[in-house]
Amino acid sequence: MEPSKSMAQMQQDVDAYITSFKEGYFPPMELVARLTEELGELSREVQDRYGMKKKKSTEAVRTLEEETGDLLFVLICFANSQNIDLSEALESVMTKFNTRDADRWTKKEETT
């Protein structure tokens, strides 16, 4: 089993793939539209498994892993096209949540 890749490695892998084509990255609005499309596909799979609206027998069943991967790929494309370091972006958001929302939710009791 391969070790997990860092976010930087994932961004580099996606960049190497996309830049191997003359077309390169799609424009920002196209990538946002693709993000929306991929989120919709993930939502459809979640709805089928856990919601009330089940798929028709003619609709293909995809895995949550596959749909999440598609969404992540397009998000990385968007970040790369905008020179966003996703590790730094996540670290910034975690700092915000850990300060702003420190007392917002009920903490679990620590067990020893």
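**Note on the core and the aromatic cluster**

1. Start with Phe73. Its relative accessibility is 30%, so Phe73 counts as partly exposed. The cut-off matters here: buried means under 20% relative accessible area, and exposed means over 50%. Phe73 is part of helix α3. Keep in mind that this is a predicted model.

2. How many aromatic pairs does a search of the whole structure find? The search finds two. A pair of aromatic rings is described by the distance of the centres and the angle of the planes.

3. Take Tyr17 and Phe21. Their ring centres are 5.1 Å apart. Their planes stand at 75°, so this pair is edge-to-face. Planes over 60 degrees apart earn that label. Tyr17 has a relative accessible area of 45%, which makes Tyr17 partly exposed. Phe21 is partly exposed as well, at 42%.

4. Now take Tyr17 and Phe73. Here the ring centres lie 6.2 Å apart, and the planes meet at 70°. This pair, too, is therefore edge-to-face. It links distant parts of the chain. Tyr17 sits in helix α1 and Phe73 in helix α3, 56 residues apart.

5. Put the rings together. Tyr17, Phe21 and Phe73 make one aromatic cluster. Tyr17 takes part in the pair with Phe21 and in the pair with Phe73. On the surface, Tyr17, Phe21 and Phe73 form a nonpolar patch. Together they have about 290 Å² of accessible area.

6. Turn to the interior. Which residues make up the largest nonpolar core? There are 11 in all: Val14, Ile18, Leu31, Leu35, Leu42, Leu71, Val74, Ile76, Cys77, Ala79 and Leu86. Three elements each give two or more residues to this core: α1 (7-18), α2 (28-50) and α3 (64-81). Helix α3 gives the most, with five residues.

7. Look closely at Val74, one of the core residues. What does Val74 touch, leaving aside residues up to four places away in sequence? Its contacts are Leu31, Arg34, Leu35 and Glu38. Leu31 and Leu35 belong to the largest nonpolar core too.

8. A last word on helix α3. This helix holds Phe73, a member of the aromatic cluster. Helix α3 also gives five residues to the largest nonpolar core. Phe73 itself is partly exposed, and Phe73 belongs to the nonpolar patch on the surface.

Note on methods:
Residues numbered from 1 in each chain as written. Predicted model: local features only at pLDDT ≥ 70, side-chain atom pairs only at ≥ 80, totals over all residues. Heavy atoms only, no water. Core = buried A, V, L, I, M, F, W, Y, C linked by side-chain atoms within 4.5 Å. Buried < 20%, exposed > 50% of the residue type's maximum accessible area, 1.4 Å probe, protein only. Helix = DSSP H or I, 4+ residues; strand = E, 2+ residues; numbered from the N terminus. Contact = heavy atoms within 4.5 Å. Phe/Tyr/Trp six-rings, centres within 6.5 Å; stacked < 30°, edge-to-face > 60°. Patch = residues over 30% accessible without salt bridge, like charges linked within 9 Å, V, L, I, M, F, W, Y side chains within 5 Å. Areas by Shrake-Rupley, 256 points an atom, 1.4 Å probe, with all protein chains shown as cover. Salt bridge = Lys/Arg side-chain N within 4 Å of Asp/Glu carboxyl O.
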